[in-house]
Amino acid sequence: MNNFRKLLFTKKTPRARIIEFCEYSTEKKVAPVQPKQPVDPRRVFKVYRFGGVLSKEQPKLVSYDLDVSKCGRMVLDALIKIKDMDPTLVFRRSCREGICGSCAVNLQGNNCLACITAIPPDKVITIHPIPHMYVIRDLVVDMNHFFDVYDSIRPYLIRRNQGPLGRYQYAQSINDNSKLVGLYECVLCSCCATACPSYWWNGRRFMGPATLLHAYRWIIDSRDEDTEQRLYELRDDFKAFRCHTILNCTLACPKGLHPGLAIAKLKRLISGLDKKPPSEIDAMKFSGTGSKC
Ligand code: SF4
Ligand code: SF4
Ligand code: FES
């Protein structure tokens, strides 16, 4: 503060004082440069291994020493490197950019997509299959039930009034389309469902957050005309209402979506507290004018 007063009350011109003050403040703000600490790139990966139901061996964690400076930055890169060392390791992956949703694993106790999650700085890193799913082998789980339930909500556009299939686009206003933001990005990785306690305990009757997020996505779509039937099919004690809004699903979603919020909105629609807003424009607006896709 004394330095600041000295600057203000010297007999220098205002311009000189401003320049001096700026230099003084800049000088004060610059933090001393810390020398970078070298990070030890050696890690121990403890990976869940299981040979399948026909295997006589019990599941176990197998340790692999890996120098992570010799592979990419992501957990999937480390798994691929481990597979080079031990080709018997089995895991799913395809796109390597968080789009196909196939590389979901449980890393250090948290569900994630291995291809978009950086290798953590911990010395020991554990990788399990996503929880509460039947393990087929190693990190590969049985997704059949998950996709059967997803299929049951009829995850596609249903229209009563439609032009010849594949010939016309259905119009939607920008505002109506914005209601799908935060829903359509879901890649069905099941990180949310397998982090949900209600899905663990009632997975045969409670649909789980991913499927319910998609149910809401199709119900709220201004172009879809099957809203009443969709809502009718969800009117059940378990299908949606076993969600207790604890929001594990939202914390687990690697795409940053909010399935818990979508379910809360869906429950209001199912119970009749909210109504689906009417479409802002006629979806068949362009069908008669020859504006074809
Ligand atoms: S908010 Fe609902 S769907 Fe999400 S984790 Fe909790 S119970 Fe499961
Ligand atoms: S909502 Fe998120 S966590 Fe759940 S399936 Fe979709 S992308 Fe995966
Ligand atoms: S490999 Fe496709 S999401 Fe990870």
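This is a short walk through the sheet, one helix pair and the two ligand sites of a predicted model.

Let's start with the sheet. It is open and has 5 strands. The order is S2-S1-S5-S3-S4, and the pairing is mixed. Which strands sit at the edges? Those are S2, residues 60-67, and S4, residues 110-113. Each of them pairs on one side only. On average, neighbouring strands in this sheet are turned by 30 degrees against each other, ignoring direction.

Now look at one pairing inside that order. S3 covers residues 104-107, and S5 covers 124-128. The two run antiparallel, joined by 2 bridges. For a landmark, find Asn-106: His-128 in S5 stands opposite.

What lies across the strands here? Helix H3, residues 75-85, lies across S1, S2 and S3. S1 is the stretch 42-49. Against S2, H3 runs at about 100 degrees.

Next, the helix pair. H7 is residues 209-220, and H8 is residues 227-234. Their axes are 9 Å apart, and the packing angle is about 155 degrees. The cut-off for roughly antiparallel is over 145 degrees, so H7 counts as roughly antiparallel to H8. The crossing of H7 and H8 is left-handed.

Which residues make that contact? From H7, take Ala-215, Trp-218 and Ile-219. From H8, take Thr-227, Arg-230, Leu-231 and Leu-234. By class, this H7–H8 contact has 5 nonpolar residues, 1 polar and 1 charged.

H7 also brings us to ligand 2. Of the shell around ligand 2, H7 gives the largest share, 3 residues. There are 15 residues around this ligand. The nearest are Cys-186, Cys-189, Cys-192, Ala-210 and Cys-253. How does the shell around ligand 2 divide? Into 13 nonpolar, 1 polar and 1 charged.

On to ligand 1. Here 14 residues surround the ligand. Cys-196, Cys-243, Ile-246, Asn-248 and Cys-249 come nearest. Which helices each supply at least two residues of the shell? They are H6, residues 197-202, H9, residues 248-252, and H10, residues 259-270. H10 has the largest share, with 3 residues. By class, the ligand 1 shell holds 9 nonpolar and 5 polar residues, and no charged ones.

Put the two sites side by side. Around ligand 1, the charged count is none. Around ligand 2, there is 1 charged residue. For the largest helix share, go to H10 at ligand 1 and to H7 at ligand 2.

Key
Residues numbered from 1 in each chain as written. Chains lettered and ligands numbered in written order. Predicted model: local features only at pLDDT ≥ 70, side-chain atom pairs only at ≥ 80, totals over all residues. Near = placed C-beta within 6 Å. Helix = DSSP H or I, 4+ residues; strand = E, 2+ residues; numbered from the N terminus. Nonpolar A, V, L, I, M, F, W, Y, C, P; charged D, E, K, R; others polar. Pairing = 2+ DSSP bridges. Axes fitted to C-alpha atoms, helices over the stretch in contact; angles between N-to-C directions. Contact = placed C-beta atoms within 7 Å. Parallel < 35°, antiparallel > 145°, perpendicular 65-115°, else oblique. Left-handed = near helix turned anticlockwise from the far one by under 90°.
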